[in-house]
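Please open the structure in your viewer and keep the sequence panel in sight. This tour proposes one selection after another and states what is found at each stop.

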Amino acid sequence: MKKLLFDFLPLVLFFIALKVGDIYLATWVAIGAAIAQIIWLKLTNKNIEGSTWLSLFIIVIFGGATIYLKDETFIKWKPTVLYWLFGLILIFGKLLFNKNYIQTLMKSQITMPEIAWTKMNYSWAIFFIIVGLLNLYVAFSGHFTTDQWGTFKVFGTTILLIIFAVGQSLWLNKYMQIPDSSQKG
């Protein structure tokens, strides 16, 4: 639970800064929070996941462009680019390298047949692509303000993620087996 809160901290700080300031203050805060996260993980000798480095890289690039060019378009593209990269990594990892990154992440927690892992991998990839498209719609359709986009970015995508994860775990429940820890040597 601590890790989940730690991972969402830059997002929450972005939201708060957006509410009390504007998109540029929120972008500065998000960049600072992402950098502070990496520094904290380094100082505490914790493992820094690839997704954390990727997220930092994208927030610095897109956030930096937003601040430098005074154009909020870049920061609004950031979630879509991140989601699409995650989706593409899952798809091409499986297709080109026969590597299932979802399985790599979760295999110590659950055991499933290969077909279930493949379905899980592709369903997450599709989910990330769809959420990226939803972000573009909310950000650029003209139906929503920047403030509303910020709320969607923080709460809407998080709620979608939770609903998808719960739905998927219910669907995959027929395949899942908890590893028997008594058989480990």
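How far apart are the end C-alpha atoms of α6, and what span should its 27 residues have at 1.5 Å a residue? Select α6, residues 114-140, and place a distance label between the C-alpha atoms at its two ends. The label should read 39 Å, and the expected span is also 39 Å, so the two values agree. Please note that the model is a predicted one.

**The whole chain**

Now show the entire chain as a cartoon. Seven helices and zero strands make up its secondary structure, and the order from the N terminus is accordingly α-α-α-α-α-α-α. Along the principal axes, the C-alpha atoms fill a box of roughly 55 × 40 × 30 Å. The chain has 185 residues, of which 39% are buried. Among contacts with a separation of 6 or more, 63% join residues that stand 24 or more positions apart. If you switch on the surface, about 11,100 Å² is exposed, and carbon and sulfur atoms supply 70% of that area.

**The nonpolar cores**

Next, select Phe-14, Ile-23, Ile-59, Ile-75 and Trp-149. These residues have the most contacts inside the largest nonpolar core, which numbers 22 residues. At least two residues of this core come from each of α1 (2-20), α2, α3 (50-69), α6 and α7 (146-172). The greatest contribution is that of α2, with seven residues. Apart from this core lies another, of 21 residues; Val-81, Leu-82, Phe-86 and Phe-127 are among them.

Return to Ile-23 and display its surroundings. Setting aside residues up to four places away in sequence, Ile-23 touches Phe-14, Leu-18, Glu-72, Ile-75, Thr-146 and Trp-149.

**A buried threonine**

Select Thr-27, which belongs to helix α2 (residues 23-43). Is Thr-27 buried or exposed? Thr-27 counts as buried because its relative accessible area is 0%, below the 20% limit for that class. Beyond its neighbours within four places in sequence, Thr-27 is in contact with Phe-14, Gly-63, Thr-66, Ile-67 and Ile-75.

**A nonpolar patch on the surface**

Turn to the surface once more and select Leu-85, Leu-88, Ile-89, Phe-92, Leu-95, Leu-96, Phe-97 and Tyr-101. Together they make a nonpolar surface patch of about 780 Å². Helix α4 (residues 73-97) gives the largest share, seven residues. An α-helix has 3.6 residues a turn, so residues three or four places apart point the same way. Look at Leu-95, one of the residues in α4. Leu-95 counts as exposed because its relative accessibility is 56%, and the class begins over 50%.

**Positive phi angles**

The final selections concern the backbone. Which residue in the loop between α3 and α4 should be selected? Lys-70 lies there, and although Lys-70 is not a glycine, its phi is positive, at about 50°. Lys-70 is exposed, with a relative accessible area of 58%.

Move on to Asn-98, in the loop between α4 and α5 (101-106). Asn-98 is not a glycine either, yet its phi is positive at about 50°. With a relative accessible area of 59%, Asn-98 is exposed.

Finish at Gly-142, just after α6, where phi is positive at about 90°.

How values were computed
Residues are numbered from 1 along each chain as its sequence is written. This is a predicted model: local features need pLDDT of at least 70, side-chain atom pairs count only at pLDDT 80 or more; totals for chains, interfaces and linings use all residues. Side-chain values use heavy atoms; hydrogens and water are left out. Patches are made of residues with over 30% relative accessible area and no salt bridge: like charges are joined within 9 Å, nonpolar side chains (Val, Leu, Ile, Met, Phe, Trp, Tyr) within 5 Å. Accessible areas come from the Shrake-Rupley method with a 1.4 Å probe; for residues, only the protein chains shown count as cover. A salt bridge is a side-chain nitrogen of Lys or Arg within 4 Å of a carboxyl oxygen of Asp or Glu. Helices (H or I, at least four residues) and strands (E, at least two) are DSSP runs, numbered from the N terminus. Buried means under 20% relative accessible area, exposed over 50%, partly exposed in between (1.4 Å probe, protein chains only). Contact means heavy atoms within 4.5 Å. A nonpolar core is a set of buried Ala, Val, Leu, Ile, Met, Phe, Trp, Tyr and Cys residues joined through side-chain atoms within 4.5 Å. The expected span of a helix is 1.5 Å times one less than its number of residues.
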